[in-house]
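Here are a few notes to read alongside the model, colleague to colleague. I have kept them as numbered points for easy reference.

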Amino acid sequence: MTYTPDTARYTNMPYRRCGRSGLKLPAISLGLWHNFGDIDPLDNQRALLRRAFDRGITHFDLANNYGPPAGSAETNFGRILREDLRAYRDELIISSKAGWQMWDGPYGGFTGSRKHLIASCDQSLKRMGLDYVDIFYSHRPDPYTPLEETMGALVQLYRQGKALYIGISSYGPELTRAAAEILKAEGVPLTINQPNYSLLDRWIEPELLAVNDKYGAGAIVFSPLSQGFLSDKYLRDIPEDSRAARLDWVRAGLSPEKLKLIRQLNDMAVGRGQSLAQMALSWTLRDPRITSTLIGARTVEQLDDSLGALKNLSFTADELALLDRLTRSALPDIFNEPPKATGQDLIENPVFPD
Ligand SMILES: NC(=O)c1ccc[n+]([C@@H]2O[C@H](COP(=O)([O-])OP(=O)(O)OC[C@H]3O[C@@H](n4cnc5c(N)ncnc54)[C@H](OP(=O)(O)O)[C@@H]3O)[C@@H](O)[C@H]2O)c1
């Protein structure tokens, strides 16, 4: 059926300025890492994208390798964009990234080389049927490629108009500072940083947010539900259709300490009249330095539930203090743990050793 977007789509979503740029992003953005591959029903993907746009989500986040198979999320998104959303291209912010494994050989992934980034961006544009992406990211640090080379590739894409804004993802505070300085010297702003952040993963608080602020970069935080842990679905068991049931490495992250904390957080959410997912999302948005919280959703019902977070974005000082106390005592390391992809992972397990 032909799609006509809801005419009221801009009435309930707050749009927040991304750092000190001209770009505004919806407080909640939708990512296509999971649930948009060729293994996922296209009808459900279409329903999710239509519902998201109808409810004011203007930003869709992709990467070269999203699927599975890698690349299929961009192809599927490109198809739905062409069939449903083409007329609304200028109402959309579409992002892609390169840096994780994508194609065979030494240029295909786990690299920040100029060769990989430029080729990957061209591939992403073709898959999505776009002339440009709104944001293009270096998806992860590569300790072997000079940062000047990685940033230089982003600068080229920006100057060619293939990317309107430049971002980095999973860069720690030091690397963010260095990247922003290199870009600044080229006259190109670092517009956006994309780290993981949730009530179960708070490493960006001590330093990274201040570094972003210094350089005028906004933050869009990924996995704010900690891949679904911050919901009521795991309180009793691991439901068959959940991500933890599908993926061993996700299930391995659900420690007894986490589960205990999740139960305490759920009680608190109920007391606030929110679902745990809603409280977890509103909590990420309590800091104005966080431009947008970047969710995933497997069903339209989940998407609607998560968007319900917007009904209550405020916390009392007592509530914030309690959340601090609960998370600090259950998981003291979550403030110090570096992002998963610091570059150390590649030093320990080089994919193509020098
Ligand atoms: N830059 C990076 O390196 C990087 C890395 C990861 C993610 N990302 C970006 O961030 C986006 C979001 O990541 P994510 O999918 O991990 O985010 P998330 O929001 O933490 O987790 C999404 C998952 O949680 C469950 N869920 C969602 N809403 C729910 C609700 N209201 N109630 C109960 N369960 C709910 C669903 O999983 P079930 O299937 O279990 O129901 C859903 O697929 C990605 O799509 C991607 O764009 C970026």
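1. First, the ground rules. This is a predicted model, in which local features need pLDDT of at least 70 and side-chain atom pairs count only at pLDDT 80 or more, while totals for chains, interfaces and linings use all residues. Numbering starts from 1 along each chain as its sequence is written.

2. Overall shape. The C-alpha trace spans about 50 × 50 × 40 Å along its principal axes. The radius of gyration is 19 Å, which agrees with the value near 20 Å for a compact globule of 354 residues (taken over C-alpha atoms; the rule is 2.2 Å times the number of residues to the power 0.38).

3. Secondary structure and contacts. You will find 13 helices and ten strands (DSSP runs numbered from the N terminus: H or I of at least four residues for helices, E of at least two for strands). Of the contacts between residues at least 6 apart in sequence, 79% join residues at least 24 apart (a contact means C-beta atoms, placed from the backbone, within 7 Å). Buried residues account for 44% of the 354 (buried means 20 or more other C-beta atoms within 10 Å of the residue's own, exposed 12 or fewer, partly exposed in between, with C-beta atoms placed from the backbone).

4. The core. The largest nonpolar core holds 85 residues, and those with the most contacts inside it are F77, F136, A163, A179, L230 and A280 (such a core is a set of buried Ala, Val, Leu, Ile, Met, Phe, Trp, Tyr and Cys residues joined through C-beta atoms within 7 Å). Helix α10, residues 276-284, supplies the largest share of this core, six residues. As general background, nonpolar side chains in soluble globular proteins tend to be buried together.

5. Helix α10 deserves a look of its own. How many of the residues of α10 are buried? Nine of the nine are, so α10 is largely enclosed by the rest of the structure. That includes Q278, S282 and T284 as well as L276 and W283. Among the elements covering the buried residues of α10 are β3 (28-31), β9 (218-222), α9 (256-272) and α12 (317-330). Within α10, A280 touches S198, L199, P224, L225 and L230, leaving aside residues up to four places away in sequence.

6. The ligand shell. Which residues come nearest to the ligand? Of the 30 around it, they are G31, W33, G228, S231 and G296 (a residue is near if its C-beta atom, placed from the backbone, lies within 6 Å). The elements giving two or more residues to this shell are β10 (290-295) and α11 (300-307), and α11 gives the largest share, three residues. Both β10 and α11 also help cover the buried residues of α10. By class, the shell has nine nonpolar, 16 polar and five charged residues (Ala, Val, Leu, Ile, Met, Phe, Trp, Tyr, Cys and Pro count as nonpolar, Asp, Glu, Lys and Arg as charged, and the others, Gly among them, as polar).

7. Backbone details to check. The peptide bond from G67 to P68 is cis, with omega near 0°, and a cis bond also joins P68 and P69, with omega about -10°. P68 sits in the loop between β4 (59-61) and α2 (72-85). N35 is not a glycine, yet has a positive phi of about 75°; N35 lies in the loop between β3 and α1 (42-54) and counts as buried, with 21 C-beta neighbours inside 10 Å. S226, also not a glycine, has a positive phi of about 50°. S226 is in the loop between β9 and α7 (243-246) and counts as buried with 20 such neighbours inside 10 Å.

Note on methods: Contact = placed C-beta atoms within 7 Å.
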